[in-house]
Amino acid sequence: MRAMHIPQFHGGGAGIGVAARFGHADLVAAASVTNQSGLQGWSWHVASGGWAAAVVEGGGGDFMSAADTDPTRASGSVGGNNFAEMNAMIGDYASFLIAQRLLGETPRQLVLDMYARMQGGGGIGLGNSLADVAVVQQSGANWALVTPTGNTAFGTYDNAWHNWMFVLDSAGVTLLLDGTTVATRALPLDRFPTWIFTKIGAANPTPEVAWYDCRWEA
Amino acid sequence: MPVFPQDNASPNAGLGVIDVPHFWAGGAGRSYWFANPHADLVTVAAATNPTGLDGWGWVITSVAVVETGTGDFMSSADNTPTYLQLTTAADSFRSPRIFGDYAGALAAKKFLDDTMPTKLVLEFYGAFPVNGTNEATTFIGFADGANSTATCAAAIRSNGANFVLEGGAVSDVGAALDANFHLFRIEVGSATTEWFIDDVSQGTIATQTDLWPLPVKALVNLNDIYVTWMNVRYEV
């Protein structure tokens with residue numbers, strides 16, 4: 001495991017990507033003498049973003065089952081602001097160069113891999129706002145992949161847990177839902193570096209994220 | 001593009017790569033990284049800001065972090081990274097003083113298939129956005145002070161017209177100045193120190209003696225320096 005898989009070291013660290021597993025409430029509590037792991041003391045925007053009011057412990061799922069799952073997760077706060085993880089650091093030439101050195105070969109694509117669910121219109125993806133880079137969110141009875149140039153609707157909206165995967169390469173943005181390609185859009189320009197983004201919806205709790213892994217791939 | 005054995009195919013892949021600046025002071029390794037700047041890193045360490053690097057062996061003086069985000073995906077031509085900003089006289093950062101002596105090289109050897117390294121490399125992605133003054137007091141490199149035989153082994157600065165590699169007693173003039181981001185690299189060997197801009201050699205100086213170990217230090221006076229990431233590594 002590299003340090004960039006530990007959320008406390010996303011600021012200052014170098015890696016082929018960043019990853020986080022939201023496993024305890026201490027992560028989203030304020031940093032203090034008695035809680036040195038609080039992410040807002042480690043370059044995160046937890047407080048200013050108004051996100052992740054709670055970490056909810058799961059425990060009601062079946063063993064390794066995708067059909068019956070209840071993960072421990074960070075949970076969005078109603079009435080809070082949209083959330084961006086931390087400083088812009090993903091997808092630009094500078095981060096590409098770092099990944100090139102750590103991979104030993106030239107990165108070909110950037111992947112945001114998340115296990116998450118949404119209720120009440122919440123959204124997840126990359127960017128500083130809803131239509132900044134690429135976000136998936138509810139669109140009436142459907143889902144939609146949202147980019148600065150418009151939306152592409154697909155599937156049927158639900159509030160179940162899914163493995164969402166955004167793949168960015170020179171050809172554009174491709175969205176996979178549980179391993180199946182569901183939408184593609186043109187690659188936004190003049191938006192990088194960027195960061196992980198979640199949009200707060202109208203209902204509670206929304207969205208919820210168990211983990212994410214954003215990585216360069218050769 | 002060179003392939004660095006320490007970071008992929010080596011049997012030691014993953015070992016000895018200190019990939020966060022917090023562990024430079026205490027971590028034994030062969031490759032040391034600083035990347036992804038955030039204001040918390042250059043803010044005084046405290047109970048509410050445990051990530052502040054001055055609590056982890058660094059000296060940080062009035063460094064800001066600027067976040068942009070208007071470049072294109074993976075593009076070197078349309079590129080606005082998040083960076084450390086040193087723009088006011090005496091702004092500086094200084095890493096722990098650990099690089100280039102026998103102890104450091106010997107520790108790196110443990111992570112390089114037990115082969116003694118022959119080079120110490122500083123690579124950084126940065127810019128000299130204000131560069132019109134010929135001064136030794138704005139620089140970045142293996143140095144603990146300005147252009148001096150007692151403190152500077154290999155640091156890049158401006159002479160008002162060109163980039164210069166300064167070695168205290170010696171120097172080498174490189175490409176004409178501009179304000180753009182570049183990939184700078186200094187390779188210190190046992191006898192010769194060579195430097196590169198965007199993988200193009202700029203020349204060499206004699207490797208300086210009786211100075212090591214040194215930190216990575218950046219300091220500005222009238223000129224300015226931006227740094228997005230940096231990597232110090234030993235190579236065989």
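1. A quick word on terms before the pocket comes up: a pocket here is an open set of grid points with protein on both sides within 12 Å along at least five of seven lines, and its lining residues have an atom within 4 Å of a point. Bear in mind that this is a predicted model.

2. On that footing, the largest pocket is lined by 14 residues. Nearest its centre you'll find B:Gly100, B:Thr118, B:Val188, B:Gly189 and B:Ser190. The volume comes out at about 250 Å³. As for the make-up of the lining, six residues are nonpolar, six are polar and two are charged.

3. Now the interface. Chain A puts 48 residues into the contact and chain B puts in 47. Together the two chains bury about 3,800 Å², with 59% of that on carbon and sulfur atoms.

4. How many salt bridges run between chain A and chain B? The count is one. If you want to find it on screen, look for the side chains of A:Arg101 and B:Glu123, which meet at 2.7 Å, N to O. Polar contacts between chain A and chain B come to 19 residue pairs, both residues being at pLDDT 80 or more.

5. Which parts of chain A face chain B? Helix 2 (93–103) and strand 10 (162–169) of chain A each supply at least two residues to the side touching chain B. Helix 2 gives the most, with nine residues. Sorted by class, that side of chain A has 27 nonpolar residues, 14 polar and seven charged.

Terms used. Residues are numbered from 1 along each chain as its sequence is written. Chains are lettered from A and ligands numbered from 1 in the order in which they are written. This is a predicted model: local features need pLDDT of at least 70, side-chain atom pairs count only at pLDDT 80 or more; totals for chains, interfaces and linings use all residues. Side-chain values use heavy atoms; hydrogens and water are left out. Contact means heavy atoms within 4.5 Å. Buried area is the accessible area (1.4 Å probe) that two parts lose on being put together, summed over both. A salt bridge is a side-chain nitrogen of Lys or Arg within 4 Å of a carboxyl oxygen of Asp or Glu. A polar contact is a pair of N or O atoms within 3.5 Å; within protein, one must be able to donate a hydrogen and the other to accept it, and residues adjacent in sequence count only if both atoms are side-chain atoms. Helices (H or I, at least four residues) and strands (E, at least two) are DSSP runs, numbered from the N terminus. Ala, Val, Leu, Ile, Met, Phe, Trp, Tyr, Cys and Pro count as nonpolar, Asp, Glu, Lys and Arg as charged, and the others, Gly among them, as polar. On a 1 Å grid over the protein atoms alone, a cavity is a set of points where a 1.4 Å probe fits but cannot get out, and a pocket is an open set with protein on both sides within 12 Å along at least five of seven lines; lining residues have an atom within 4 Å of a point. Grid points are joined across faces, edges and corners, and a volume is the space filled by probe spheres set on the points.
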